[in-house]
Amino acid sequence: MSALLELEDVSLSLGGRTVLSDVSLSLHEGEALVLAGPSGSGKTSLLRLALGLLAPSLGSIRIGGKQASAPGRILLLPNERGAGAVFQDLALWPHLTVIGNLDFGLAATGLPKAERAHAIDTMLAQVGLAGLGHRRPHELSGGQQQRVALARALVVEPRWIALDEPFTNLDIVLKADILELLASLLLARNTAVLLVAHDPDEAAQFADRMAVLEEGKLVQIGTREMLAESPRSAFVRAFTRTSRGRRGLSSGGP
Ligand SMILES: Nc1ncnc2c1ncn2[C@@H]1O[C@H](COP(=O)(O)OP(=O)(O)OP(=O)(O)O)[C@@H](O)[C@H]1O
């Protein structure tokens with residue numbers, strides 16, 4: 001079975017400087033792959049390439065075995081990549097209600113209105129926002145806004161989602177809560193995730209595999225076993241135990 005997402009020997013130059021060199025990486029069905037690395041190492045750029053927001057300078061990207069990007073070319077548009085995304089700034093539509101924000105992408109799928117309303121209701125209940133659907137983003141707390149962004153990314157049932165440090169601005173308790181919620185939602189839906197994380201603890205909660213970028217090069221890729229001794233190991237073990245059975249993933253190289 002082909003990977004959901006495959007980067008092969010991808011390099012990226014922006015403004016005359018090399019941002020990524022020769023990166024090969026894949027994301028498999030239901031897998032949680034965490035991308036770590038120092039500031040400026042190219043994590044966001046890699047996500048943008050994967051989502052089809054940037055074209056590689058060299059190399060190729062495949063989505064579900066289909067050619068998605070080639071040097072200087074985006075062959076599959078972002079909305080054709082089966083992906084959802086949440087970025088740090090969340091980018092919620094300020095003039096739309098919570099329901100309006102979720103319906104924005106869902107309406108484009110062509111699903112009839114009644115089914116969309118049902119999907120939105122279910123999703124909002126799952127992220128703990130039942131009853132808040134008619135509020136606008138500025139009428140919500142920071143943590144609630146994060147949940148809306150997550151719900152908006154997931155309501156269209158993407159096969160994978162890209163998360164670019166979306167929870168950085170939350171306090172530690174809220175962050176732990178939302179990460180736990182995210183883990184359970186992804187597990188229930190078998191959605192794969194490519195998560196950019198600064199914090200190794202955050203990575204450990206999540207990762208089936210972890211990839212480390214330094215100065216645009218992939219310097220390390222490790223399995224969840226490497227993360228078993230994390231300070232939150234009880235949760236990690238619970239998560240990996242369930243996910244191992246369900247996903248039947250063999251860990252290994254890129
Ligand atoms: N449009 C651009 N033009 C020129 N250089 C860019 C551009 N976008 C990003 N860069 C450079 O590419 C490098 C990688 O940036 P990127 O945002 O991918 O890193 P990052 O690992 O996500 O960093 P952070 O953790 O700080 O968000 C940085 O040195 C950045 O300055």
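**Around the ligand, and a run of hairpins**

In this predicted model, the ligand is surrounded by Leu14, Gly15, Arg17, Val19, Gly37, Ser39, Gly40, Ser41, Gly42, Lys43, Thr44 and Ser45. Sorted by character, that shell holds eight polar residues, two charged ones and two nonpolar ones. As for where these residues come from, at least two are supplied by β2 (17-27), and at least two by α1 (43-51). The top contributor is α1, which puts three residues into the shell.

Further along the chain come strands β4, β5 and β6. Strand β4 takes in residues 58-63 and strand β5 residues 66-70; the two run antiparallel to each other and are held in register by three bridges. Across this pairing, Ile61 has Ser69 of β5 as its bridge partner. The link between β4 and β5 is a hairpin with just two residues between the strands, and Gly64, sitting in the turn, shows a positive phi of about 55°.

Much the same story picks up on the other side of β5. Here the neighbour is strand β6, made up of residues 73-74, and the pairing is again antiparallel, this time with two bridges. Ser69 turns up here too, standing opposite Ile74 in β6. So Ser69 is matched with Ile61 on one side and with Ile74 on the other. The β5 and β6 strands also make a hairpin, with two residues between them, and once more a glycine in the turn has a positive phi: Gly72, at about 70°.

Notes: Residues are numbered from 1 along each chain as its sequence is written. This is a predicted model: local features need pLDDT of at least 70, side-chain atom pairs count only at pLDDT 80 or more; totals for chains, interfaces and linings use all residues. A residue is near a molecule or strand if its C-beta atom, placed from the backbone, lies within 6 Å of it. Helices (H or I, at least four residues) and strands (E, at least two) are DSSP runs, numbered from the N terminus. Ala, Val, Leu, Ile, Met, Phe, Trp, Tyr, Cys and Pro count as nonpolar, Asp, Glu, Lys and Arg as charged, and the others, Gly among them, as polar. Two strands pair if DSSP finds at least two bridges between them.
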